Amino acid sequence: QGQLKIAPAAMAARCRLAARFHHIHGANIRLDASHTQATRVESFANGLCFSQEPLAPGQIFLVEIEEKELGWCGHLRVGLTAHDPQSLEVVPEYSLPDLVNMGDTWVFAITRNHNRVVVEGEEVQAQGRPWEPFLLIERVRIPRDTLVGRSRPSRYSHILDDLYKMNVLPATARRSRIGVLYAPQPDGTADMHIVINGEDMGPSARGLPTTRPLYAVIDVFASTKSVRVIPVDYGFPSLQTLCRLVIQKHIVHRLAIDGLDLPPLLKSFCQHE
C-alpha cells in the first residue's frame, strides 16, 4: 500500500501526461490529433481503446461520453488489462468476451445496477450520501468536481447539472463521466473500482496482480459513439476550478456567464468543462 503515497503534484503531472488513448486500438476507432477523443466510425464493434500508459496505483482514467448512436443495444464497457496493447497481434473485436477470454483482463458493461464484488460481512453503503468535495477510495483522494458530468450550456443547465451531481441520470447518458482505477491491498493484490459521475461503485473485481502494468480498457461499444479523456487533478483543485466554483455560486445558471466581464478562455472553461 506504500505505493499510494504519491505526492499530489506528482500524481497530477502523471495523470495529465497519461490522459490520452494508446495509438493501438480497434479497427473502427478514429482518434483525434491529441489522442484524447475516440470515435467509432462504423458498425457497433471493433471499438476497443486503451490508456496510453499503464496506470499508477490509485490513478483514475476518466472519460466523458460525448456522442451516442441510436439503433444499437448495449453501452460503454470499461475495465483494466495486464496485456500491453503493443503486444497484441490483433486488437480483439470485443472486450467482452474476446479480450477477457485472453486472461488477466477485467471489464464490465456500464449499467445503473453495476457489478460489485461484496465479501461476506461487508456492508453496502447507501447510494444517496451527502455531496462531499473529495471522493475517497482506500487512501486515494480525488476532487469530485472533475469526476462529475456537466450539461451543455442551456436554459436547463442548472437543473441538469444537479442531476449529474446526484448521479440519478442513466449511467451512460451523454456527458456522463466514467472512470476506472485500482487500489492495492495488504495482500499484494488490488481491487478495481469504477466511478460514475463522482460515485464509487465499489470493488468490481478483486485479486488483480500489482506486479504487472495495468492499462485502462475503454470499449466504445454499440450505443456509445464517441468518448473524450478528461485529465484529473489530484490533491487541491486547480485555480481554474476554484474560480469556476466561485463564479457558479453567484449566477443563476451558466448562460449568465456570457454577460460577465471575464477573459474568453475563463468563460469557456466555466461554461463547458
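Q: In the hairpin of E9 and E10, which residue takes a positive phi?
A: Let's start at a turn in this predicted model. Strand E9 covers residues 177-184, and strand E10 covers residues 189-196. The hairpin they form has four residues between the strands. The residue there with a positive phi, near 90°, is Gly 188.

Q: Over how many bridges do E9 and E10 pair?
A: These two strands run in the antiparallel sense. One of their partnerships puts Pro 184 across from Ala 190 in E10. The number of bridges in the pairing is seven.

Q: Which residue of E11 is the bridge partner of Ala 190?
A: E10 also pairs with E11, in the antiparallel sense and over six bridges. Ala 190 therefore has a partner in E9, namely Pro 184, while its partner in E11 is Leu 208.

Q: Which residue takes a positive phi in the hairpin of E10 and E11?
A: Here the hairpin has two residues between the strands. A positive phi near 50° belongs to Asn 197.

Q: Is E10 largely enclosed or largely open to the outside?
A: A residue is buried when its relative accessible area is under 20%. Seven of the eight residues of E10 meet that description, so the rest of the structure leaves this strand largely enclosed.

Q: Which strands are at the edges of the open sheet of seven strands?
A: The sheet has the order E1-E2-E13-E4-E9-E10-E11, with antiparallel pairing. An edge strand pairs on one side only. That describes strand E1 (29-31) and strand E11 (199-209).

Q: By what angle are neighbouring strands of this sheet turned against each other on average?
A: The sheet in question is the open one of seven strands. With direction ignored, its neighbouring strands are turned on average by 25°.

Q: Which residue in E2 stands opposite Leu 31?
A: E1 and strand E2 (residues 37-40) run antiparallel and are joined by three bridges. Across from Leu 31 in E2 you will find Ala 38.

Q: How many aromatic pairs does the structure hold, and is the pair of Phe 44 and Trp 72 stacked, edge-to-face or tilted?
A: The structure holds five aromatic pairs. In the pair of Phe 44 and Trp 72, the ring centres are 4.9 Å apart and the planes meet at 40°. Planes under 30 degrees apart would count as stacked and over 60 as edge-to-face, so this pair is tilted.

Q: How far apart in sequence are the parts that Phe 44 and Trp 72 tie together?
A: Phe 44 lies in the loop between E2 and strand E3 (48-50). Trp 72 lies in the loop between strand E4 (61-68) and strand E5 (77-81). The pair therefore ties together parts separated in sequence by 28 residues.

Q: Is Phe 44 buried, partly exposed or exposed?
A: Buried means under 20% relative accessible area and exposed means over 50%. Phe 44 has a value of 28%, so this residue is partly exposed.

Q: Which residues do ring pairs link into a cluster with Phe 44?
A: Phe 44 has its ring paired with that of Trp 72. The cluster linked by ring pairs holds Phe 44 together with Trp 72, Tyr 94 and Phe 221.

Q: Over which ring does the charged end of Arg 77 sit?
A: The charged end of Arg 77 is 3.8 Å from a ring centre. That ring belongs to a member of the cluster, Phe 221.

Key
Residues are numbered from 1 along each chain as its sequence is written. This is a predicted model: local features need pLDDT of at least 70, side-chain atom pairs count only at pLDDT 80 or more; totals for chains, interfaces and linings use all residues. Side-chain values use heavy atoms; hydrogens and water are left out. Two strands pair if DSSP finds at least two bridges between them. Axes are lines fitted to C-alpha atoms, for helices over the stretch in contact, and angles run from 0 to 180 degrees between N-to-C directions. Rings of Phe, Tyr and Trp (its six-membered ring) pair if their centres lie within 6.5 Å; planes under 30 degrees apart count as stacked, over 60 as edge-to-face and the rest as tilted. Buried means under 20% relative accessible area, exposed over 50%, partly exposed in between (1.4 Å probe, protein chains only). A charge sits over a ring if NZ of Lys or CZ of Arg is within 6 Å of the ring centre and within 35 degrees of the ring normal.
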